[in-house]
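Trainee: Got a minute to go through the sheets in this one with me?
Mentor: Sure, put it up on the screen.
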Amino acid sequence: MLELTNASLKYQEKQVLSNINLTIHKHEIVAIVGPNGCGKSSLLNLMSGLLKPNSGTSSFKGSAITDWSGTKLARELSLLTQSPQAPDGMTVRQLTEHGRFPYQRLLQRLTTTDEDVINWAIEQVQLTALQHQTLARLSGGERQRAWLAMSLAQQTNILLLDEPTTYLDLGHQHQLLSLLKQLNQQHKKTIVMVLHDINQASQYCDRIIAIKQGKIIADGSPEQVISAQLVKQLFNIDSQIVSCQYQGQSKPLCLPNITLDNPLQTDNSNPPTLAACI
């Protein structure tokens, strides 16, 4: 479906991704995990066609992704980037309407079908009561859900999401991830997302791709990928991996080891005062 073959990417002289080989299959939920700056977002942008590899290939349905027209590709996959920007004064509903643009001709009005899809997308992210509010008046989490509504209104078979849980509190994180799981199971959507929380990746995803320094170091099911050794390699922390039951399945859970070491405090006999911490 989506395939990268020996794909490498450079920004100026910096090697961001090196010899990436992977295939995203239909109906998967895939998490991309790894430390900050390791190339997770760049990998997602290669899959979407937003970036071109400096070497190797990026293809979709057997054709180079660059051979697809923007409109046709926008009907197949949607990309939600980090910290997207919208014009001043735009409302939740107006933003969501942008998801219907790939299906419209120039100057065409929204159809009844478009309106129904827009209503459904806004309802899915629980923003119906706020649909006429401007984005500037929303909380960070509400804005994030508004952008997801736009992606849902695009009605693509593939959703590419870069840190979709950013700005969301714990409850809304799990509501959003549960919604994505529901879209995958009931509507057969293929979902690839960058996540920081490896436990959420284990709980909600079929497959985890772990990246470090622009290279894939692990790729497989949560049970195959998550280990104390991998967590140490990715994040430089010691941890224990325990098994927990989730919806009848055994899932690995990462528990970082507690340490009393404080690298910011060199003199343990004189702990910093409150004033010094401000």
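Mentor: We will take the two sheets in turn, and keep in mind that the model is predicted.

Trainee: What is the strand order in the sheet of six strands?
Mentor: The order is 6-7-8-3-9-10, the sheet is open and the pairing is mixed.

Trainee: Which are the edge strands there?
Mentor: Strand 6 (77-80) and strand 10 (215-220), each of which pairs on one side only. From one strand to the next, the twist averages 15°.

Trainee: How many bridges join strand 7 to strand 8?
Mentor: Five, between residues 158-162 and residues 190-194, and the two strands run parallel. Leucine 159, for instance, has isoleucine 191 of strand 8 as its bridge partner.

Trainee: Which strands does helix 9 lie across?
Mentor: Helix 9 (residues 228-235) lies across strand 3, strand 9 and strand 10, at about 40° to strand 9.

Trainee: Now the sheet of four strands. What order and pairing does it have?
Mentor: That open sheet has the order 2-1-4-5 with antiparallel pairing. Strand 2 (14-24) and strand 5 (63-64) each have a single partner strand, so one side of each has no neighbour in the sheet.

Trainee: And how many bridges between strand 1 and strand 2?
Mentor: Seven, in the antiparallel sense. Alanine 7 has isoleucine 20 in strand 2 as its bridge partner.

Trainee: Where does helix 1 lie?
Mentor: Helix 1 lies across strand 1, strand 2 and strand 4 (55-60), at about 55° to strand 2. Helix 1 (residues 40-48) also lies across strands of the six-stranded sheet, including strand 7, to which it runs at about 155°.

Methods: Residues are numbered from 1 along each chain as its sequence is written. This is a predicted model: local features need pLDDT of at least 70, side-chain atom pairs count only at pLDDT 80 or more; totals for chains, interfaces and linings use all residues. Side-chain values use heavy atoms; hydrogens and water are left out. Two strands pair if DSSP finds at least two bridges between them. Axes are lines fitted to C-alpha atoms, for helices over the stretch in contact, and angles run from 0 to 180 degrees between N-to-C directions. Contact means heavy atoms within 4.5 Å.
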